[in-house]
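Trainee: I would be grateful for a close look at the main pocket of this model. Please add whatever backbone and surface features help to place it in context.

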Amino acid sequence: MKYALIGCGRISPNHIVAAQKNDLEIVAICDIVPENMQDKAEKFGLENVRQYTDYQELLAVEKPELAAICTESGKHAEVAIDCIKAGCHVIIEKPIALSIEDADRIVQLSKQYHVKVCASHQNRFNKSIQKIREAVEQERFGKMFYGTAHVRWCRDQEYYAKASWRGTWEQDGGALMNQCIHNIDLLRWMMGGKVEEVIGMTDQLAHPYIEAEDLGIAIVKFSNGTYGVIEGTTDIYPKNLEETLYLFGEKGTVKAGGQSVNIIEEWRFSDGWDQPDKVMKEFGENPPNIYGFGHTPLYTDMIDAIVNDREPYVNGEEGRNTLELVLAIYKSAAENRGVRLPLDAKCSTLDFKGRFEQKNDRARQT
């Protein structure tokens, strides 16, 4: 299967490794900065792979069957739509888009052009998360009460300085949209998926040089009567602390933790079907970074979905619905009220431009 990578930044190595492990034919890589491509070519043995600074030229010349979109978030929708119209299946890095309208268009066009769209929420493929999901589907929790998602990470000024789009409303969003969206996706998925109402608060406490939030807290009411609590921040000193997911039910309590919810730290069920110590040992991983090991099985699933003409495990609708939840938190925080879903299709990160400008101005004056 002919494969192309569009965007050779921070996350691209995970996609290259996943493509190589799945025996894809890497025909081209693309980035507007040639040095980014050269760096990845040298590190991953892609010196003979053609390089493009214009992804549309890549699509026209190479005609890949599958492309991964790893550009800045604000370009995801535009590139994805062009790929879809070229008949190319796509894996889109998170978030799938920055507006509901763009996400809906991606989903609609994928059906019209009969191509597959996968939202790259790779943590769903963690061994720990797969085991927890199995317990949810087996209804081992009994009546589910609530779940919580915490992302307590550090991002310093050097991180934002490396790419001017980071932390902007037009191309990124803040801590919730960029760093925390994977765990938000897991919480939504585990608690039944459909969100009824959101109450959120966001602030910018330690990063006056970006536009968006570095702290977000929310309460989520799901339509099945369960609740979620979200806490996401890039303010933790002096380095990443943890990413955790808790699920609390009538007959079960589970905690996933580690760098990227890659280990099970609590496993308590009334049914006694398994031994907690054994489960925690068997379903834990130790990835080298926060991105975990999930990209390779995500690619395996996407390839199988294409070959067998089925929906990917994490399809476009799933990516769209997680985007909507983050936007609902932003909207609730900006308007200081609870927000009911669905959101208006026009809702996007651009609606919150200028949200912290006065605070930044005051910080610069002091």
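Mentor: The account below begins with the pocket and then turns to the surface and the backbone. This is a predicted model, in which local features need pLDDT of at least 70 and side-chain atom pairs count only at pLDDT 80 or more, while totals for chains, interfaces and linings use all residues. Residues are numbered from 1 along each chain as its sequence is written, and side-chain values use heavy atoms, with hydrogens and water left out.

The largest pocket holds about 900 Å³ of space. A pocket here is an open set of points on a 1 Å grid over the protein atoms alone, where a 1.4 Å probe fits, with protein on both sides within 12 Å along at least five of seven lines; lining residues have an atom within 4 Å of a point. The volume is the space filled by probe spheres set on the points, which are joined across faces, edges and corners. Its lining comprises 40 residues, and Gly9, Cys70, Thr71, Glu72 and Trp165 lie nearest the centre. Two or more lining residues come from each of helix H2 (34–44) and helix H4 (76–85); helices are DSSP runs of H or I with at least four residues, strands are E runs of at least two, and both are numbered from the N terminus. H4 gives the most, with 3 residues. By class, the lining divides into 15 nonpolar, 13 polar and 12 charged residues. Ala, Val, Leu, Ile, Met, Phe, Trp, Tyr, Cys and Pro count as nonpolar, Asp, Glu, Lys and Arg as charged, and the others, Gly among them, as polar.

On the surface, isoleucine 199 lies in strand S8 (residues 195–203). With a relative accessible area of 47%, isoleucine 199 is partly exposed, that is, between buried (under 20%) and exposed (over 50%), using a 1.4 Å probe and protein chains only.

Most residues other than glycine have a negative phi, and most peptide bonds are trans. Valine 261, in the loop between strand S12 (252–257) and strand S13 (263–269), has a positive phi of about 45° and is buried at 0% relative accessibility. Aspartate 309 has a positive phi of about 50°, but is exposed at 60%; its place is the loop between helix H10 (295–307) and helix H11 (316–335). A cis peptide bond joins lysine 94 to proline 95, with omega about -20°, and another runs from tyrosine 237 to proline 238, with omega near -5°.
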